[in-house]
Amino acid sequence: MINDPTYRRRYVISGIAVVVVLVYIVRLFYLQVIDQSTKDQADNNALVKQTIYPSRGLIYDRNGELLVFNQPIYEITMVMREMKQGWDTAAFCACLGITDKEFDERIAEIKDRRKNRGYSRWTPQVFMSQLKKEDIASLQESLFLFPGVQIQKRTLRDYTYKAAAHVLGSVGEVNQNDIDRDDYYTRGDYSGRDGLERTYEKQLRGEKGVEVLMRDSRGRMQGSYKNGELDRTAKAGTDLYTTLDIQLQLLAEELLSGKIGSAVAIEPKTGEILALASNPSWNPKMLVGKERSKNYNALLNDKTKPLLNRATQATYPPGSPFKTIQALVCLEQGAITPNTLYPCSGPGSSPIKCTHHHGSPVALDKAIEQSCNPYFWCAFRDLMQKDNRDIHKPYEKWRNAVMQFGLGQKFTDSDLGEQSSGSIPSTRLYDKFYGPNGWKAITIRSLSIGQGEIIVTPLQLANQAAAIANEGYYISPHLNKNDSMRIHRHNIDIQKKHFDEVKAGMHRVMVYGTGRHYAIDSLHMAGKTGTAQNPHGRDHAIFIGFAPVEDPKIAVAVVVENAGFGATWAAPIASMMMEQYLNGEMKRKDLKKNISERVLNESVKKW
Amino acid sequence: MRASRNGNIWQHVDWLTIGLFLVLVIFGWLNIYGASYTFDQTSIFDFSNRAGKQFAWIGGSVLMGIILLLIDYRTYDVLTYIAYGAMLLLLLATPFLAHDIKGSMSWISLGPVSLQPAEFAKCIVALTIAKYMGRYDYKIRTWRDLIVPFVLIGVPALIIMVLQKETGSALVFAAFLLVFYRQGMSGYVLWMGVAAVALFIISIRWGAVALPLGTGSLGIMVCMLLLTAVEVYFICRDHYIRYQALIMVGAITAIYGICLIINIWVPMPFDWISMGIVIALVFYTVFVSLYWRKYMLLILAAFTLFCIGYTHACDFVFTRVLQPHQRIRIEVLLGMKEDPAGAGYNVNQARIAIGSGRFFGKGYLNGTQTKLQFVPEQDTDFIFCTVGEEWGFVGSIGVLLVYLYFILHLIEIAERQRNVSTRIYAYSVASIFLFHLTINVGMVLGLLPVIGIPLPFFSYGGSSLWGFTMLLFILLRLDAARMEQLN
């Protein structure tokens with residue numbers, strides 16, 4: 001180039017390229033021609049990292065009863081390339097107790113690329129898996145006769161009880177997503193897929209160990225490298241103590257059989273979940289090992305949706321139990337006092353009918369006892385119209401107060417993986433639907449009795465009962481019996497005296513009201529029944545309650561779908577659960593038999 | 001006229017480069033097939049394995065090459081700055097659209113395929129630099145003229161390094177230093193780069209080594225002496241200053257020598273002595289420079305201080321800024337740590353795989369090391385292992401020589417341009433290929449730390465192949481335009 005003072009620099013740049021390539025050629029010459037050590041290393045001493053799997057942490061209930069443990073299983077792998085030299089197929093089959101024909105079929109299957117995509121003659125292929133110790137005992141002794149064959153030990157989950165499948169969750173093979181997200185996993189590893197197994201995966205899984213072995217170019221193991229200096233032992237997973245009471249859980253699941261529904265029990269003072277039952281359920285042993293995918297698909301295709309954890313994922317209108325919240329909020333925000341009276345004309349009331357017959361006018365205690373719809377409509381209306389004519393401000397205030405009970409939102413500080421949030425409708429929703437000035441108290445009257453757009457999960461209902469039992473706070477419901485969960489305390493801005501009123505009303509429900517048939521002498525219970533209207537079919541039966549009234553130790557919520565009256569179906573289940581937990585045993589055997597044997601939904605399967 | 005120009009493209013295009021491109025791509029493809037892990041592999045065209053997928057990518061890249069050649073060459077010039085802006089936006093958006101793949105946030109999935117926008121950024125940055133520096137009124141006179149080019153390469157590099165966490169892809173932008181050098185940037189900048197790397201290695205490798213007969217930082221002492229000598233002979237032309245500097249080197253050596261001897265009987269605090277020397281040196285140079293009015297010496301004093309500071313900064317960067325895995329890679333490379341099961345595993349296995357290939361290789365599809373999956377990433381970043389193992393010394397140097405010829409030919413193309421901007425672009429292309437070749441092969445041969453960047457045309461991956469294709473074929477189009485303009 002003309003007048004280019006830096007023209008000569010092209011040679012410098014070309015020179016750099018030449019020097020780099022020359023240096024690399026010298027290095028290649030050293031590695032590939034002069035240095036003899038690499039050849040030996042490649043032929044004799046290739047390093048292989050072999051993973052040692054840790055045993056997964058065990059899971060216990062609150063009383064130290066073992067719920068989930070590990071069973072050892074073995075799998076036999078073989079490297080096809082090794083099988084040719086003096087391989088005695090007959091002896092091998094004899095060791096495993098299989099026929100020659102089965103052996104040939106299995107080998108053909110392994111070699112079939114359509115069935116076994118990752119097949120290679122050079123890498124270990126799984127010949128048989130899920131074997132018990134006695135199955136492999138004789139092979140283990142004569143393993144040296146069969147080059148290329150290895151026995152690999154793994155563990156599978158096993159369960160003491162046929163219960164709590166949703167809560168415990170299951171363990172399955174990791175997918176590509178997990179591998180990309182977490183360097184810990186490699187293909188073929190197992191991890192918790194749902195429930196507690198998933199939430200506490202990091203605690204339960206432990207830490208894989210590694211053994212560095214030397215392998216020759218034929219893929220044969222030649223022992224450990226540098227006398228195991230670089231090996232790392234596997235660290236077993238840490239055991240998990242849950243808050244469940246397995247006896248209570250078993251009872252809840254038994255009572256729900258033949259029905260679609262769920263039951264949740266919480267210890268109010270600690271937020272510990274004592275039982276979390278959802279029906280239809282399945283036997284947790286079904287989702288283990290080689291049966292897992294087949295059974296999983298069967299569960300997935302069941303139209304009653306057993307995989308759904310109805311206790312935390314299904315949402316329902318709360319119905320009458322919501323009146324307890326309504327009472328508390330109306331008292332606190334000054335719409336009513338305990339002495340406020342409202343008239344009730346029974347089934348002739350307007351705009352909301354009353355479903356019970358009782359005297360008129362009624363005060364709060366009686367209104368809760370008799371679940372008087374007109375009372376709560378009037379209270380709600382007065383609250384919405386208390387200050388001015390615009391509903392937005394009082395409604396927002398009411399909604400914030402309601403949400404303090406944990407309703408209509410997920411417990412984000414809890415260890416429950418699968419949760420639905422439910423919903424307490426916002427002013428935005430109504431503005432969108434009716435226009436900013438198009439709705440008034442009368443438009444949303446259904447809310448006053450827990451119907452309409454408000455939906456909650458059974459877990460939230462149980463937590464609501466716990467919050468009332470605690471008179472003004474709740475601790476996020478959780479499953480790990482570890483004190484650290486107790487810091488998630490949520491206070492509710494409502495005076496204690498109002499709780500006294502509502503608790504008295506709930507006690508009356510169990511003495512004089514809709515729950516009186518299931519009261520027992522040895523225990524003072526408080527509760528509220530509900531019958532939630534369901535546009536798709538029969539009403540849902542709902543009950544919340546706690547006991548003993550003097551010092552609540554258990555709060556319960558029960559929902560039975562399409563069962564009709566809450567008093568008939570949900571109340572007895574809750575009552576029996578409270579008796580079981582507080583008295584240590586359940587004496588009403590006839591009632592238990594009666595409830596558990598009644599089938600309300602024909603398609604519910606006992607998996 | 002456009003039709004006839006387009007018709008002529010096939011006469012003017014540089015067929016030799018296209019030939020080299022095809023040789024490299026096809027040989028790379030064969031090796032990806034070879035690196036697939038079983039001996040009884042299915043067809044090379046089977047789309048379920050990587051060789052089959054790569055075949056599809058190659059088809060796409062050839063098509064892309066043809067399209068790039070058919071576009072009017074002026075289009076590239078017109079679109080350059082717009083493309084640069086769009087590229088920055090895409091790079092910024094990528095971490096938010098990307099899935100986290102082993103810590104890197106640089107992959108965008110488009111249906112079944114994933115693309116890495118950083119691979120295409122190189123080409124656009126090269127075009128932008130070429131356009132900016134190719135203006136008739138642009139010339140590198142002072143360092144101020146380089147501010148804009150440095151910003152142009154620095155911004156995308158920072159985005160890729162910090163937001164996308166792809167250090168390797170970001171380092172590639174350092175290749176532009178060669179382009180700046182060709183355009184007139186001082187050669188000292190390159191030397192400073194080399195010196196900085198050397199100093200980094202020395203202070204990391206020997207910084208913490210205790211002296212045999214006492215305590216003290218040998219590395220820092222050596223660095224100081226070395227750098228004083230280097231700076232004097234390369235920066236100062238003045239004989240008096242050279243003389244002064246020699247006195248300093250002598251004095252420092254003498255002091256250390258005496259201290260070492262005394263150290264035999266009485267342990268000496270070398271750290272304090274080093275510090276004393278530095279302070280004395282600075283005062284001495286300041287005094288001399290002011291007395292004799294030789295202000296160059298002030299720069300020398302500042303430079304010495306800077307070097308001392310730099311060695312400490314190296315230590316800080318190494319222990320605090322670098323990620324643990326990056327630190328271990330460097331420690332393994334410098335022989336400070338042996339870790340054949342962990343960080344050193346790749347490097348060690350790569351060395352064994354290549355070494356076991358010997359002179360003529362084990363033959364195509366017969367490599368045991370790669371087949372048994374001893375070498376991780378053997379079809380992407382470590383593809384050169386497969387070449388080394390299966391084709392041996394002969395095949396490996398063959399590949400290196402083809403690459404060398406390819407790069408030298410690109411420089412040849414660059415120098416025959418009359419249009420400055422095209423020449424700058426051509427140098428950018430050559431430098432980027434040279435950088436990739438150097439880093440990738442150096443890493444596989446265990447001469448450089450493990451930095452995950454692909455070997456152009458060889459490594460499996462659509463984004464990198466397409467990125468390099470774009471880089472190359474735009475150059476071919478611009479080169480062909482040279483003849484068209486002549487006509």
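Okay, one definition before anything else: here a residue is buried if 20 or more other C-beta atoms lie within 10 Å of its own, exposed if 12 or fewer, and partly exposed in between. Hold on to that, we'll use it twice. And keep in mind that this is a predicted model.

Let's start with N562(A). Not a glycine, yet phi is positive, about 50 degrees. Where does N562(A) sit? In the loop between β17 and α20 (566-583) of chain A. Buried or exposed, then, for N562(A)? Neither, actually: there are 17 C-beta neighbours inside 10 Å, so N562(A) counts as partly exposed.

Next backbone oddity: E471(A). Again we have a positive phi in a residue other than glycine, this one near 60 degrees. You'll find E471(A) in the loop between α18 (458-469) and β13 (473-475) of chain A. E471(A) counts as partly exposed because it has 18 C-beta neighbours inside 10 Å.

Right, on to omega. Which peptide bond is cis, with omega near -5 degrees? That would be the one from S360(A) to P361(A). The proline, P361(A), belongs to the loop between α13 (322-332) and α14 (364-370) of chain A.

There's also a cis bond running from A547(A) to P548(A), and for that one omega is near -15 degrees. P548(A) is in the loop between β16 (540-547) and β17 (554-560) of chain A. And β17 should ring a bell: the loop with N562(A) in it runs between β17 and α20.

So, if you've got the structure open, have a look at P361(A) in its loop between α13 and α14, then at P548(A) between β16 and β17. That's me done, thanks.

Technical notes: Residues are numbered from 1 along each chain as its sequence is written. Chains are lettered from A and ligands numbered from 1 in the order in which they are written. This is a predicted model: local features need pLDDT of at least 70, side-chain atom pairs count only at pLDDT 80 or more; totals for chains, interfaces and linings use all residues. Helices (H or I, at least four residues) and strands (E, at least two) are DSSP runs, numbered from the N terminus.
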